[in-house]
Protein chains: 2
Amino acid sequence: MPPDAQTEPKGTKDRILDATAALFMRYGYTGSGLKQIVADANAPFGSLYHHFPGGKQELGVDVIHRSGALYGELVMGVFDAAPDILTGVRDCFEGAAAVLVATDYADACPIETVALEVASSNETLRLATAEVFESWIAAATVRFRAAGLDEPTARTLSISFVNLLEGAFILCRAARTTEALEASGKAAATVVEAALRNLA
Amino acid sequence: MPPDAQTEPKGTKDRILDATAALFMRYGYTGSGLKQIVADANAPFGSLYHHFPGGKQELGVDVIHRSGALYGELVMGVFDAAPDILTGVRDCFEGAAAVLVATDYADACPIETVALEVASSNETLRLATAEVFESWIAAATVRFRAAGLDEPTARTLSISFVNLLEGAFILCRAARTTEALEASGKAAATVVEAALRNLA
DNA sequence: CGGCCACTAGATAGATCGCTCTAGCGGTAG
DNA sequence: CTACCGCTAGAGCGATCTATCTAGTGGCCG
């Protein structure tokens, strides 16, 4: 594909994926109707089942993987741009808070609402969300290992990082405040500092 | 009503509230149909709109407040039963993990799925969830203050505690593992220890 | 007893759900 | 040209959603 591919008009399939991702973030899986998806995507209904013969579930799996990978890269990009790992952690929470405010508390984690909805009702989608979370944990673990921490510590730290982010999103969106993200940011910094101090 | 009312067979309204709470936990707000609620509650459909004239939304508000208060008391009960606050924090995460395993990863937080679903779609329900979270934070803040911490530190710690719990629930239910709750428990213990150390 | 009220009971309306179906368009190959 | 195929286009199906409506029941009070 050419390097300026993103300036060309997007195909129907991509528009459907984008629209679904946006709706999932705000209204979840059950709350997003196929009719509204194709309307938002400016796509005919028939195209949906042409590109996703498996219906809503197949579309859901694709969106979970796509949005999950994208969001993971976004967060890890912030991580890697920082001069040190502690600053990187702090920047992630600050950046998340900024996005939340800018989008009127709509754009948080692209898959957390869906993950909770399907955890006890749809095994296929549950697995997809589990894979995404695991990929994020793995990506973060690599960073913490690079900072000199051993594998189990790095993994535990990575999981706590994700937990603090996801949990804060819930409280922030409910209260329409960034207070929870700020608290999580401080907590994350504290646990990372403690782990680094144990190195010395 | 007699003092032993809770041993008598529950009324229709209570059965509806209980059934709805159970369904909300597993399938969320949108995923729980009124037909299934009355079926699970062994209640006639007409009774639902007699006891909750405001329909699904009024039922939702009541369930959020009721389940929220109940769960807050449950967690704070674990907190208070511990010899010290650090043990109390650890016990909460261990207890949550035990419940999760015992219920096949279904019973986590009674309102988190609903909170995410309604955050951008139903202002009335969003406010109800925000009130519940705030009541939990306030209850935890009282405990941390009692341990000698100042108000802002106690509040930040309380929010982080809730964040770590809620975030871990997402990952645990997605992965069907208690690993995330264990990581959150360690992180919570670390931040509480750090705060207490700053006292001395 | 008759009248009232809280509650039970469920049929049904009207909208929306996910999904299937057929028809048609536009570019390419033979 | 015709034949084909990927894709667009949307009508319409049965099921299910929330909500309303009427009717019936049982206990309490005058």
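**Two copies, one DNA strand, one helix**

Guide: A rotation of 180 degrees, with 0.0 Å of shift along its axis, lays chain A on chain B at an RMSD of 0.0 Å (a least-squares fit on C-alpha atoms of residues with pLDDT of at least 70 in both). The two copies are therefore related as by a two-fold rotation axis. Of chain A's residues, A:Gly167 comes closest to that axis, its C-alpha at 1.9 Å.

This is a predicted model: local features need pLDDT of at least 70, side-chain atom pairs count only at pLDDT 80 or more, and totals for chains, interfaces and linings use all residues. Residues are numbered from 1 along each chain as its sequence is written, with chains lettered from A and ligands numbered from 1 in the order written.

Visitor: Which residues surround DNA strand C?

Guide: "Near" a strand means a C-beta atom, placed from the backbone, within 6 Å of it. Here 15 residues qualify, the closest being A:Gly33, A:Gly55, B:Thr12, B:Gly46 and B:Ser47. H3(B) supplies the largest share, four residues (helices are DSSP runs of H or I, at least four residues, numbered from the N terminus).

Visitor: And how do I read a helix? Which residues of H9(B) are buried?

Guide: Start with the general idea: an α-helix has 3.6 residues a turn, so residues three or four places apart point the same way. Buried means 20 or more other C-beta atoms, placed from the backbone, within 10 Å of the residue's own. In H9(B), the buried ones include B:Leu181, B:Ser184, B:Ala188, B:Val191 and B:Ala195. Among the elements covering the buried residues are H8 (151-175) and H9 (179-197) of chain A.

Technical notes. Helices (H or I, at least four residues) and strands (E, at least two) are DSSP runs, numbered from the N terminus. A residue is buried if 20 or more other C-beta atoms lie within 10 Å of its own, exposed if 12 or fewer, and partly exposed in between; C-beta atoms are placed from the backbone. Two residues are in contact if their C-beta atoms, placed from the backbone, lie within 7 Å.
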